[in-house]
Amino acid sequence: MSEMNLVSKGMTTCAGCPMELIGRSAIEVLGKKTITMTPPSCSAILTGSGDETGWGIPSLQTVLMSLPAFASGVSEALKIRGIDDVTVLGFAGDGGTFDIGLQSLSGAIERGHKAIFICYNNEAYMNTGNQRSSATSLGAFTKTTPTGKKESSKNIDFMLLHQNLAYQATASVGDIPDFKRKLKKAKEVDGPSFIHVHAPCASGWHFPPNQTIKIAKLAIESGTWLLWEKENGKIKINREKFDVEKVTEYLSLQGRYSKVSEEIIEEIKKEVNRKYQILKKLEELDCL
Amino acid sequence: MQKLAEERMKKLESMKGLKGPYSAKIVDENTGIWRKDRPVINNDLCIKCNICATYCPIGAIEKQDKMVIDYDYCKGCGICAEECPKSAIDLINEKNFEDGGN
Amino acid sequence: MGDILTLDGNAAIAYGVMKSKVELIAAYPITPQTPIVENLSSLIDKGKFSARYINVESEHSALSALIGASATGVRTFTASASHGLALMHEVTGVASGTRLPIVMCVVSRALPSPCSLWCDHSDIMSQKDQGWIQIFAKNPQEALDFIMIAYTVSEDKRVLTPTMVDIDGFYVSHLTEPVDVPTDEEAGKFIGKFEINNLILDVDNPYAINNLSSPEIFTEYKYSQKQGMDAAVEVLEEKFNEFNKIFGRKYSLIESYFTEDAETVIVCLGSMSGTVLHTVRELRKQNKKVGLVRVVSFRPFPMKILSEALKNIKNVAVIDRVSAIGSMGPLYEEVLSSIQLSDSDKKNVFSFVAGLGGRDINEKTVKAVFDYVDHANKTEEKQIDTIWIDLKKE
């Protein structure tokens, strides 16, 4: 990088933070002409506190419930001012996307504003200390599911398939080049994009930070996290082969699953297969 | 001070007089002092594939004539060592270095 | 002189927005504000108004979108009432704290419960400490005029504070009167295009807006907001004068009627002031020494001016259109704060509650207020509670 970093190297994120990796990689792709928004969440650390910020681009701290509404306003105002070469980026976590932010996300997509909505999914409300979200996986420990979450995670990607996204994709910190490729596509489309990035969190999931990328890769290899994208009405599964038996290894590396029962592990494996089957069927259509 | 922070310091004067909560200074914490173990690249094994730089969450690794780690900021998370396909990065306890923390 | 059109309060607001060259509107319909958003959509669709309209999916998103847009450098507007305004509460403080010159029309409607569609001031009063300028229009002409004035005040560099223009639900919003609508040329003399003069999201000049502050700097930001609000007293008067020069309609922070020799004066906000004035005129024919002070600007509250106006007035009857449970009415408390600057010990100040949930404040109610004061004077009772003057007796 002979170019200056557009994101500070010295921020007080956790060591090994996948959210930071996603944010940094995103700005490498999107460049200087980007306006970013963060809600109160882990990504707010990048927006900074006191009189300091980590972004080298303009940023706006929103409220948790309505980042996509803020983004709608920014996107339209840029159009009014005749500015068409600036990317509007929303950088929210699973809380601000699946739960409290769901209404405004759905609204912003429905209205078709030109903006990229990245969701970094660390499967809990991490910034407030690891409380469960609807994105938390089945059986996982969080501070509000101390004996393991009883519900499967909400499938936001399938839900959003029924909205008119100009570009939609899943991605992972386990494959940064794939994430960057997808983000480039999102930048080009004239409408709303949604990129859902898996972000295994060492602090919240209880594993040593150096395992972050390995665990993200295991999620992909076991089929727990499927990589796919949707554009022009068609789904493309990026990675066909996975080994559902690797779910056991995937879970065993995470402290949040230290007490998980065999039954739950079997449930999780069933879910992996179920989701893949649905996605495979949907892949046959070209009218999505 | 990293380049981004330096560049921004030059612009601060022109932003005086703005009303409301805004932050123009770049946060520039010396997060290198968090480190327990320092990643050291063995240049004989390194093939400059850039994977360590791609996966470093804080962007502390750069490809120059060799791969260079910015130890002012490196938190010692160890992702680079774990991901290196050539096992060319060793994590060495800070106390082994003259300028090492403890 | 512009065109005289027959408009109700809602339509007048829509015209005010158009004449103010607003660029972006984001609003969610709620009774009794719906005709505002419908009128604006119609004006935009028919090409008479070149603004953009975001059909947001809730009021919280409406104001959120405007904060994003205003921070990107365009003139913005929204309108709401009751539940909708309450839903915006999380972000009304964000708008004022980030010093964005947003203008919102509040079509005052009672907050639940009980559920009501009709007018009282509980909704706008719930926002009184959120740092917005709040001015109360009493008829459709004022509704239009105050929107234009609001933008010039909010955007003034000394102020940089958003404004709520209040119109009473149904009593003003659905009241149809002849309204002088300025021509584009006339409006252009008073209010020009939006100019960026404070925080802006700009890729050539990047910084973070509204990030987390700290105890070391929070108070100073708030104090700066206070300074902007304090400056609004002077700036409102300036803009009222400028407006008068161009349009021949003079407004002021308060309006006094028959106060020179009054023994009892009613102080109130909004459309009820019309009924009070009418009743005062009738009672004056019977030589009753009564008067009215109508407050136009509730925030910033014109304490000095009001204190002056009420000097030498023995009885001050404040009518609040909110239920004031657990203490006294908000307007009453402002009046008390104002008069303690001068001669409060010689005065009797009464806190009346009336007109809740849309109950009409008619002549009978106003006369009952004056009668109550007379009676209290005779018996020398000290007032220690709110007087719910239009409460039905069992």
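Two strands are said to pair if DSSP finds at least two bridges between them, and this idea will be needed throughout the walk that follows. The structure described here is a predicted model, and a good place to enter it is strand β5 of chain C, which covers residues 103-108. Here C:Cys105 has C:Val165, in β7(C), as its bridge partner, and the two strands, β5(C) and β7(C), with the latter made of residues 163-168, run parallel and are joined by six bridges. Strand β4 of chain C, residues 76-80, also pairs with β5(C), again in the parallel sense, and four bridges are found between them. In that pairing C:Thr78 has C:Met104 of β5(C) as its bridge partner.

Is β5(C) mostly covered or mostly open? Six of its six residues are buried, so to speak of it as mostly covered is fair by the rule that a residue is buried if 20 or more other C-beta atoms lie within 10 Å of its own. The burial holds on both faces of the strand, with C:Val103, C:Cys105 and C:Val107 on one side and C:Met104, C:Val106 and C:Ser108 on the other.

From this strand we can step back to the whole of chain C, which contains 13 helices and 16 strands. Its C-alpha trace spans about 70 × 55 × 45 Å along the principal axes. Because a compact globule of 394 residues would have a radius of gyration near 21 Å, the value of 21 Å found for chain C agrees with that expectation. Buried residues make up 56% of the 394 residues in the chain, and when contacts with a separation of 6 or more are considered, 81% of them join residues that are 24 or more positions apart.

Chain C also meets chain A, and in this contact 37 residues of chain C touch 37 residues of chain A. On the chain C side, at least two residues each come from β2 (24-26), β3 (52-54), α3 (59-70), α5 (89-97) and β9 (208-209). Helix α3(C) gives the most to this side, with eight residues. Sorted by class, the side of chain C that touches chain A has 20 nonpolar, 12 polar and five charged residues.

One of the elements just named, β9(C), takes part in a sheet to which chains A, B and C each contribute. The sheet is open, has 10 strands with mixed pairing, and follows the order β9(A)-β8(A)-β6(A)-β7(A)-β5(A)-β4(A)-β1(A)-β3(A)-β9(C)-β1(B). Which strands stand at its edges? They are β9 (234-237) of chain A and β1 (22-23) of chain B, and since each has a single partner strand, one side of each is left without a neighbour in the sheet.

The two neighbours of β9(C) in this order can be followed in detail. Strand β3 of chain A, residues 59-61, runs parallel to β9(C) and is joined to it by two bridges, with A:Ser59 standing opposite C:Ala208. Strand β1(B), by contrast, runs antiparallel to β9(C), and two bridges join this pair as well; here B:Tyr22 has C:Ile209 as its bridge partner.

Chains A and B have a contact of their own, which takes 31 residues from chain B and 30 residues from chain A. On the chain B side, the elements that give two or more residues are α1 (3-11), β2 (25-26), α2 (51-55) and α3 (79-83), and the residues of that side divide into 13 nonpolar, eight polar and 10 charged. Strand β2(B) pairs in the parallel sense with strand β2 of chain A, residues 52-53, over two bridges, and the bridge partner of A:Glu52 is B:Lys25.

Within chain A, helix α1 (residues 18-30) lies across β1 (34-38), β4 (87-93), β5 (115-121) and β7 (192-198), and runs at about 155 degrees to β5(A). Another helix, α5(A), covers residues 102-111, and its buried residues are A:Ser104, A:Leu105, A:Gly107, A:Ala108, A:Ile109 and A:Arg111. The residue that follows this helix is A:Gly112, whose phi is positive, near 80 degrees.

The walk ends at A:Thr248, which lies in helix α10 (residues 246-252) of chain A. This residue is partly exposed, because 15 other C-beta atoms lie within 10 Å. Its C-alpha atom is separated by 42 Å from that of A:Met4, a residue 244 positions away along the chain.

Definitions and conventions. Residues numbered from 1 in each chain as written. Chains lettered and ligands numbered in written order. Predicted model: local features only at pLDDT ≥ 70, side-chain atom pairs only at ≥ 80, totals over all residues. Buried ≥ 20, exposed ≤ 12 C-beta atoms within 10 Å, placed from the backbone. Contact = placed C-beta atoms within 7 Å. Nonpolar A, V, L, I, M, F, W, Y, C, P; charged D, E, K, R; others polar. Rg over C-alpha atoms; globule rule 2.2 N^0.38 Å. Axes fitted to C-alpha atoms, helices over the stretch in contact; angles between N-to-C directions.
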